[in-house]
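Biologist: I should like a close look at a single strand of this model and at the sheet to which it belongs. Please begin with the strand itself and then work outward to the rest of the chain.

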Amino acid sequence: MLVNSFTAKRRMGKVAALVVIGLLLGLGAGFLTYVPLGSERIRHYGVDVAVQEDGTALVRETIDYDFGNNDRHGIFRYVPGYELTVDPALGGDLLSDVRVLAASAAAEFTASEGLDRVEIKVGSADATVSGLRRYVIEYRLSGVVSGDRLAYDAVGTGWEVPIDAVDVRLTAPYRLGDVRCFLGDEGSTNPCAATGSETVTTHVEGLGEEQGVTLAATRAGELSGPARTTLPDDVDLSGGDDGRSYWTTIWLVLGWGGLGYVVGALALSYWSRRAGRDHAWAGGGVDAVFGGPGLDAAPISDREAERQVTMQFEPPKGLNPAQGGVLLKESVEKHHQVAWLTQQSLAGWLTIGDDGRELTRTADDAKWATAPAPLAKMFKKRTTFRLGKFDSKFAAGFGLIGTELRQWRTGCDLWDHAAEKRNARRTTALKWLGLLAALAGAVGLIVFSSWQPPVAYLVAGLSGLLVGVAFGAGMHKDEQPVRTPKGFALRQLAEGFRRFFAASEGRHAREAAERGELRLYSAWAVALGELDRWNKAMAAASLPPGTAGVSDTASYVVLSSSVSTATSAPASSSSGGGGSGYSGGGGYSGGGDVGGGDVGGGGGSW
């Protein structure tokens, strides 16, 4: 019969878990990528302003509007405090000579007056657009200059979407002095850099929703050359369609992130197995188990260790069942604690009755005075109890069993505890690194998926690599304890005995019964996680009901589930509440801040 390796089965479970974790992380990364792609934003906002001798200004706004994966008809742009006219000579705050250009979207528009504002609506009601589109809007304004003072809201605080980058170029028929630039919310005095006197330019990045840019200056003398009275002739309409598929962006993020995750998890799997290789006495399988301290010792690969295991028909000497189970798994699990209870039954401290649902103290008072602490805690002021419901005394005693087994685990000479601590520290550091990488990756995907997709691919790959390293380290931490040569020798015997149970048949149970070791073997079957297979072998053996150990084996099966019931406290519930609120405000400061100039306004999509 083919007996699957305990270690191989355990590792296959880890691979499956890492795959599931990777899929869940992929869903999260896809969502974090999709959300910013679905949000609208302005990639670049270019403003070209030519102030005229009469105080009016010619304005060209080049707006690279990204609709994301939304279907919209177009954009709208509104200018507050202005009236629409075809005759700028009338005076006042007027807007005229509107023109709209676009190459990859409908350029038709309507200009209309609303309540104290002019609105320019661009696009077609019969068609929709998505993705990145470029619109060029031109118009003439009056009232930009007041005496020697010029204040211009190059980007108004009324835009409903964030703006990645802004470039403003402003010229006047005279030199400009005391040039200042402000950015942020309305009323903000946060400065931004503006250079030049004959041609003033500024570049700003990362405006949020309802944030703007204002330029302020004063007349400072004559120009060194002729004044620029017209807008540049060249209108670039080529930047409005980058041909990007947003699903392509998502798939590339998932691809790079998934590749990084796989590489990181595989690398840590390999490192963990090497760092946690047991030390074995040299000379081969027999010497590794029976060679003794006189031989040299060296790390042994898991593959070689598994190849050297031979089936054992007796439990290893020097270990009780619970210790053998812990040695094999290298951690304390519930079935090891259950095996400890069965050991105490073998030692005469208690009996397990009613098919595994009742424990009864059998030791007399004199002997009970030296009872193990877990048993003393369980049986405090009683001689028998049932496991049909939660039992606080039993739960406390059962917890002490785990404590004792862990203390044995950390205090015996079967592990290299110094190496184990080093590996544990490295694993902890890697897990923290992975957590930071996950947080940084989430922020990076939100920030760059829509703005700079190539950066998002890099972020996904690097964070996926480090997250894979972290999960690989955490998933394989049980690979990192290092057994000493003595511990490895006993481990090989315990694994060989487990394989005996995995391949056991009725005749094996009969032979154990003939030697009077049926109860001992059953206790070991509990500890090694092979009780179900051993119980089937017992059934196939057709032993007489009165055979010592037959009823115990059946009760051990029920005992495991009874223990779970008796140690599970009733669930409790709680509720809480919270609240939320909203506050906001704004204002107009009249100059020297954002929103303190003419034009401004904002816009969005429709």
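Modeller: Strand S2 is covered on both of its faces: Ala-57, Val-59, Glu-61, Ile-63 and Tyr-65 are buried on one side, and Leu-58, Arg-60, Thr-62, Asp-64 and Asp-66 are buried on the other. The two lists follow a general pattern. In a regular strand, side chains point alternately to one face of the sheet and to the other. Counted along the strand, ten of the ten residues of S2 are buried. The model is a predicted one, and the values that follow are computed from it.

The partners of S2 come next. Strand S1 (residues 41–51) pairs with S2 in the antiparallel sense, over ten bridges. Within this pairing, Asp-48 has Arg-60 of S2 as its bridge partner. S1 and S2 make a hairpin with five residues between them, and Gly-55 in the turn has a positive phi of about 90°. Strand S8 (residues 132–141) also pairs with S2 in the antiparallel sense, again over ten bridges. Here the bridge partner of Val-59 is Tyr-139 in S8.

Gln-52 lies in the loop between S1 and S2 (57–66). Its relative accessibility is 13%, so Gln-52 counts as buried. Leaving out residues up to four places away in sequence, Gln-52 touches Leu-58, Arg-140, Pro-173 and Thr-229. Among these, Leu-58 is one of the buried residues of S2.

The surrounding sheet is open and has eight strands, in the order S4-S5-S8-S2-S1-S11-S14-S13, with mixed pairing. Its edge strands are S4 (83–84) and S13, each of which pairs on one side only. S1, the hairpin partner of S2, is joined to strand S11 (residues 163–171) by eight bridges, and these two strands run parallel. In that pairing, His-44 has Ala-165 of S11 as its bridge partner.

The edge strand S13 leads on to the disulfide. The count of disulfides comes to one. The bond joins Cys-181 to Cys-192, with an S to S distance of 1.9 Å. Cys-181 belongs to strand S12 (residues 175–184), while Cys-192 is in the loop between S12 and strand S13 (194–195), eleven residues away. The torsion about the S-S bond is about -80°, and the disulfide is therefore left-handed. Both cysteines are buried: Cys-181 has a relative accessibility of 3%, and Cys-192 has 13%. A further cysteine, Cys-412, is buried as well, with a relative accessible area of 12%.

Away from this sheet, the largest nonpolar core has 56 residues, of which Leu-341, Leu-359, Leu-375, Met-378, Phe-394, Phe-501 and Trp-534 touch the most other members. The element that gives the most to this core is helix H14 (residues 518–527), with six residues. A second, separate core of 49 residues includes Val-161, Ile-163, Cys-181 and Leu-215. Cys-181 of the disulfide thus has a place in the second core, and Ile-163 of that core falls within the span of S11.

Leu-359, from the largest core, has contacts that include Leu-350, Phe-379, Thr-384, Phe-394 and Leu-559, with neighbours within four places in sequence left aside. Another open sheet has three strands in the order S18-S19-S20, with antiparallel pairing. Its edge strands are S18 (350–353) and S20 (384–386), each pairing on one side only. The twist averages 15° from one strand to the next. Strand S19 (residues 358–361) pairs with S20 in the antiparallel sense over three bridges. Thr-360 stands opposite Thr-384 in S20.

For the chain as a whole, the secondary structure comes to 16 helices and 22 strands. Of its 606 residues, 48% count as buried. The radius of gyration is 39 Å, whereas a compact globule of 606 residues would have one near 25 Å. The C-alpha atoms fill a box of roughly 120 × 55 × 45 Å along the principal axes. Among the contacts with a separation of 6 or more, 76% are between residues 24 or more positions apart. Ala-267, in helix H2 (residues 246–275), is partly exposed, with a relative accessible area of 39%. Ala-267 and Arg-228 are 39 residues apart in sequence and 63 Å apart in space, C-alpha to C-alpha.

Methods:
Residues are numbered from 1 along each chain as its sequence is written. This is a predicted model: local features need pLDDT of at least 70, side-chain atom pairs count only at pLDDT 80 or more; totals for chains, interfaces and linings use all residues. Side-chain values use heavy atoms; hydrogens and water are left out. A disulfide is a pair of cysteine sulfur atoms within 2.5 Å. Helices (H or I, at least four residues) and strands (E, at least two) are DSSP runs, numbered from the N terminus. Buried means under 20% relative accessible area, exposed over 50%, partly exposed in between (1.4 Å probe, protein chains only). Two strands pair if DSSP finds at least two bridges between them. Axes are lines fitted to C-alpha atoms, for helices over the stretch in contact, and angles run from 0 to 180 degrees between N-to-C directions. A nonpolar core is a set of buried Ala, Val, Leu, Ile, Met, Phe, Trp, Tyr and Cys residues joined through side-chain atoms within 4.5 Å. Contact means heavy atoms within 4.5 Å. The radius of gyration is taken over C-alpha atoms; the globule rule is 2.2 Å times the number of residues to the power 0.38.
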